[in-house]
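Colleague: Could you take a close look at one part of this model for me? I would like to hear about a single strand, its neighbours and whatever ties its surroundings together.

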Amino acid sequence: MIRVLIAAALAAPLLSGCVIYSNEGGERDVVVNWSDHAKPALEAVRSARIADGRLTVRVDSNGCTDATHFAVDLTPVDDGVTNIALRRNAEDLCKALVPDGVEVSWSLDQLGIVSGTPTRLLNPTKL
């Protein structure tokens with residue numbers, strides 16, 4: 001009998017961790033975001049240009065970065081400009097020293113941008 005009481009006394013703190021939620025406070029709309037897949041931050045670029053029908057940017061690299069490591073988001077806006085945002089979607093796990101970064105590029109046709117369309121790169125610049 002004493003063993004049962006000791007076991008109950010030791011188990012009580014372990015079982016007291018439950019939470020009771022009451023909605024008597026009047027909360028009507030509760031929104032829960034279950035997604036932990038937030039969009040990655042915009043990639044800092046060292047330089048960017050559109051020339052010869054291509055968007056070319058210089059970005060940091062550990063030696064294996066290429067265009068497939070990026071998602072390119074295009075958003076047309078009311079002023080006639082198309083916003084471009086580059087987000088890195090794959091890490092560069094190589095170990096090379098590339099102090100000047102690398103250039104990656106996409107053809108405007110590949111991105112679905114008509115040549116001559118005004119564009120704006122939203123990414124921050126890094127010197």
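Modeller: Gladly; here is a walk along one strand, its partners and a nearby topic, the disulfide. Please keep in mind that this is a predicted model.

Let us begin with strand E4, which spans residues 82-88. How many of the residues of E4 are buried? The count is 7 of the 7, so the strand is largely enclosed by the rest of the structure. You can follow this on each face: Thr-82, Ile-84, Leu-86 and Arg-88 are buried on one side, and Asn-83, Ala-85 and Arg-87 are buried on the other. Both faces of E4 are therefore covered, with two arginines, Arg-87 and Arg-88, among the buried residues.

Now for the partners. E4 runs antiparallel to E3, and 7 bridges join the two strands. Within that pairing, Ala-85 of E4 has Asp-73 standing opposite. The hairpin that E3 and E4 make has 5 residues between the strands, and in this hairpin Gly-80 adopts a positive phi near 90 degrees. E4 also pairs with strand E6, residues 119-121; here the strands run parallel and 3 bridges join them.

Thr-82 is a good place to see both partners at once. This residue lies in strand E4, and its relative accessibility is 13%, so it counts as buried. Its bridge partner in E6 is Thr-119. Thr-119 also appears among the contacts of Thr-82 once neighbours within four places in sequence are left aside, together with Thr-117, Pro-118 and Arg-120. The same list includes Leu-74, Thr-75 and Pro-76, and strand E3 covers residues 70-76.

Finally, the disulfide. A search of the whole structure finds 1. The cysteines that form it are Cys-64 and Cys-94, with sulfur atoms 1.6 Å apart. The link is left-handed, with -75 degrees about the S-S bond. Cys-64 sits in the loop between strands E2 (54-59) and E3, while Cys-94 sits in the loop between E4 and strand E5 (102-107), so the bond ties together parts that lie 30 residues apart in sequence. Are these cysteines buried, exposed or partly exposed? Cys-64 has 35% relative accessibility and so counts as partly exposed; Cys-94, at 26%, also counts as partly exposed.

To bring this back to your request: E4 is joined to E3 in antiparallel fashion and to E6 in parallel fashion, and the loop between E4 and E5 holds Cys-94 of the disulfide.

Key:
Residues numbered from 1 in each chain as written. Predicted model: local features only at pLDDT ≥ 70, side-chain atom pairs only at ≥ 80, totals over all residues. Heavy atoms only, no water. Disulfide = S-S within 2.5 Å. Helix = DSSP H or I, 4+ residues; strand = E, 2+ residues; numbered from the N terminus. Buried < 20%, exposed > 50% of the residue type's maximum accessible area, 1.4 Å probe, protein only. Contact = heavy atoms within 4.5 Å. Pairing = 2+ DSSP bridges.
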